[in-house]
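Subject: Structure for your review

Dear colleague,

Please find below the structure that I am handing over to you. My findings follow it, arranged by topic.

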Amino acid sequence: MERMHYHQVSGSTEPYPGIEPIEFLETLDLTHALTTTENSEYPIHQQVINRAESLATSSEDTASYPRTNTTDSLAADKTAFRADGFADKQTLAGYFPRISDANEKTSLRIRLSKRNQALLLQVALIGTIFGTNLSILVYASSKYPARDGVGLLYAGECDTVKSANRWLHLLINVLSTGMISASSFCIQLQASPTRADVDKMHSLNKWLDIGAPSLRNLRYIGRWRLASCIVLAFSSLPIHLIFNSAVFQALASNDYSVAVVNEPFLSGAGWDLSTAIRNRGSDPGWDDAKINAPNVTYESLIEGMQKDVMNDLYEMKNVSECYALYEDYWAIRQGNVVVVAKNGSNTKSENDSLLLYTFVTPRYDNYAKNLWAAENGTAISIAFSPSPPPITTVYLGPPHYEASYCLVQFVNPTSDRCRLEYSTHILLAVCALNFLKLLALFFVWVSRKRAERRRKIRSEEWGVVVDTQEHVLARQEAVLSTLGDAIQSFMQEPDETTKNMCLATKYDFLQKSTLFKRWRKKESEPPVHPRKWKMSQRRWMSAATWPQWVCLVFLYIAFLVGIFTAMGLLVTSLKNRHFVLTFSFFQSLGFGSVSELTYLNIQLPRADPVGLISNVLIINSPQLLFSIMYTVCGAIITTCLVQREFSLMYTRAHRKPLRVSEPVGIQRSSYFISLPFRYGIPLNLFSAVFHWLVSQSYFLARITALLPTGEEDYANSFSTLGYSPYAIIVTGIVGFIQVTTIILLGCRRYDGTMSMVSTNSLAISAACHGLAEDREFGHELPLQWGVVEIGEDGIGHCAFTTAPHHVIRKAEEGVLYQ
């Protein structure tokens, strides 16, 4: 006698290749059987050999069924038969105790995979993120007080600030991705239909989505489930809109005053502001109508400058050195400057030693900060441009005063030119949204926990043995969130609306429209008559609907075209300023770094907090677009994988127990809904990284104005929109790679043996009309799809069954099935 070994693999979380299935292996002695569990072996004695042999496959049948070629199907086997040798749970449980292990209290695998436990884990995740965000807000607010909603976290070396900013933004995107993922899990679970929802829609000849995120289902689920989905969705959208700007880097740029004088000014000669006002006319370089020196009048300011000059507190520089110093937007030694004019002695009064004056603050547009010198007395606004060769001659203002030399105020350079700042308003908004999301998830968990407790109480009151109505009610309330849930439900209680339609596809139930009445659609009513099976190797992309693919591709194209078009328009200003636009030049501007060359001047308010918030909402709009793209992408991949899981169930290699939400015995557990970890983890990691890349491409630019004394000038500090061409290029490349990867994934082919059901509940139901022997316990054992019966009239029937592999037939072309 030969020996047969029954290898039982513990519950797996993967429904795809790479996980060993439950299988029977035959060796040389059939007098014994061995089951390999975690710590025990159970020999099968001779009295169950017949049952074991009916579940086993002979060594000649270990290969998968050969595909039927069209040219070889002329002699299709239409002889009548009916599958037999069905697996018996009670018999197998005596030798494989785990088959009947339904005690969730003793099985960690079952406890962790329960939907309520999975929801509790999501609540814990959101709670942890909320605690982290709240702790950061409380700590930052107490240790680093804010003014006008902006607080200083760190001031020091620029490299340290840039590095901390990048890592903090990566952390922010990890936290926000965690919140979005938890919300998506709960939304999909809430949008998953119950069996009662499905039966109601099927009676109306309508279908629902099972196993994938669905907007369609929201129209048919209960009000409280719909409300929770809306709250979770609308609390997620603002997260990426504002969270990335909760922390930002700021650079310091000096305020300073400019006074053009003649030689007597240096000796204490009198001066009058009226002469300087008259000389500057309408020259933009000397127009300070919208800029005021904070907390000081011009009279006292210039008087102080004159005294300091007379006390030798100013350093002399030639014209070239002076121009180079004030041409630099970020120079740390910029202080008040007195420019001595060569031709400024022909004034009408002895009190006219002051020829011109202005007060300079950091600019938030494209014009040079040293416009008073850069425009060279031409009264033309000059944009930032590459550093010119050494300047030896400078003319100032409409009178064309020629600079002779300048005196520059001594400024003690500080090491806190680069700063890491935060917004209390944004952090507070994020915490509020986070808390709202936490409450919604907790409400969903409590509601489901109470419903489960009520079902258990009813079960205990009525008794499991005598009450079949309780079982029916439990099946009606069961949520069909995975393909396995649906197959299990339809096998236990077949849906009469899809009877005799075992080869139905999703296309049989889609709405039809005519050419001239495109918008007047009518629900499809598929024919119930027998149909011939035909091999149809469709591509993965056919599992999703064409509006989903159009939406995804359109969003990606719009995103890529948008960011590159914006970059093209923005760098045009650099080209007009005579910069050479090369990749090395873009690299020199930094990756996500603040630069005076890359501001977006769209005339937003400057004052905080209005200026800060308005800039944040606009600059993070690409984040919102990508969040929508991520949701559509996840839905498409999930739909493709649901069909893949279904399409492999006819093979012996994939003869496995169902992957369900509430596993019993050897049923496979599911810690995800329908997106496996091998796809879900990379997709979530990519989402976090891509959100980070977008945050480095377009970002909040904060400029801190400093007085010559080193104090912050809050009135002239501002927030604006910044962009990084280098980061935009990298983001575009990564985005193109992702959409290309998704399209290539969609070009893969399904086997083609099983119908294209996708997530269509009607099509899934049609494939699950099993034989009576499999109705009670078949869903708890390894299943395989195939031809289980052919009638005397030659018409066959396909279904899921526990019958042995060698008994099940493969569908053949030319044979009718129903």
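Two strands are said to pair if DSSP finds at least two bridges between them. By that rule, strand β6 (residues 247-254) pairs with β16, since 5 bridges join the two, and they run parallel. Please keep in mind throughout that this is a predicted model.

The chain as a whole

The chain holds 21 helices and 20 strands. Of its 818 residues, 54% are buried. Among contacts between residues at least 6 apart in sequence, 81% join residues that are at least 24 apart.

The sheet around β16

Strands β6 and β16 belong to an open sheet of 7 strands, whose order is β4-β5-β13-β6-β16-β17-β15 and whose pairing is mixed. At its edges are β4 (146-147) and β15 (599-600), each of which pairs on one side only.

Between β6 and β16, Ala250 has Arg702 as its bridge partner. With β17 (residues 718-723), strand β16 (residues 698-706) pairs in the antiparallel sense, over 6 bridges. Two positions let you follow this pairing on the screen: Ala701 stands opposite Thr720 in β17, and Ile703 stands opposite Phe718 in β17.

How much of β16 is covered? Its residues are buried in 9 of 9 cases. Helix α19 (residues 677-697) lies across β16 and β17, and its direction makes an angle of about 45 degrees with β16.

One residue of β6 deserves a separate look. Gln249 is located in that strand, and its relative accessibility of 5% counts as buried. Leaving out residues up to four places away in sequence, Gln249 touches Val161, Lys162, Asn165, Arg419, Gly592, Ser593, Val594 and Arg702. The last of these, Arg702, is also the bridge partner of Ala250.

The disulfide and other cysteines

A disulfide is a covalent bond between the sulfur atoms of two cysteines. How many does a search of the whole structure find? The search finds 1. This disulfide joins Cys322 to Cys406, with an S to S distance of 2.4 Å. The pair links distant parts of the chain, 84 residues apart: Cys322 is in helix α10 (residues 319-327), and Cys406 is in strand β12 (residues 401-409). The torsion about the S-S bond is about 135 degrees, and the disulfide is therefore right-handed. Are Cys322 and Cys406 buried or exposed? Both are buried.

Other cysteines are not joined in this way. Cys186 is in no disulfide, and the nearest cysteine sulfur, that of Cys229, is 7.0 Å away. Cys186 is itself buried, at a relative accessible area of 0%. Why does Cys502 form no bond with Cys798? The closest cysteine sulfur to that of Cys502 is in Cys798, at 4.4 Å, which is too far for a bond; the cut-off for a disulfide is a pair of sulfur atoms within 2.5 Å. Cys502 also counts as buried, at 2% relative accessibility.

Helix α10

The helix that carries Cys322 can be described in further detail. Which residues of α10 are buried? They are Val319, Cys322, Tyr323, Leu325 and Tyr326. These residues cover an arc of only 165 degrees around the axis, so they lie on the same side of α10. The elements that cover them include β7 (256-261), β8 (314-317), β9 (337-341), α11 (371-374) and β12.

At the N-terminal end, α10 is capped by Asn318, which has a side-chain oxygen 3.2 Å from the backbone nitrogen of Ser320.

Val319 is found in this helix, and it is buried, with a relative accessible area of 11%. Setting aside neighbours within four places in sequence, Val319 is in contact with Ile391, Thr392, Thr393, Val394, Ala403, Ser404 and Tyr405. For one of these, Ala403, the C-alpha atom is 6.8 Å from that of Val319, although the two residues are 84 residues apart along the chain.

I suggest that you begin with the sheet and then turn to the disulfide.

Yours sincerely,
A colleague

Technical notes. Residues numbered from 1 in each chain as written. Predicted model: local features only at pLDDT ≥ 70, side-chain atom pairs only at ≥ 80, totals over all residues. Heavy atoms only, no water. Helix = DSSP H or I, 4+ residues; strand = E, 2+ residues; numbered from the N terminus. Contact = heavy atoms within 4.5 Å. Axes fitted to C-alpha atoms, helices over the stretch in contact; angles between N-to-C directions. Buried < 20%, exposed > 50% of the residue type's maximum accessible area, 1.4 Å probe, protein only. Arc of directions from axis to C-beta. Polar contact = N/O pair within 3.5 Å; in protein donor to acceptor, adjacent residues only side chain to side chain.
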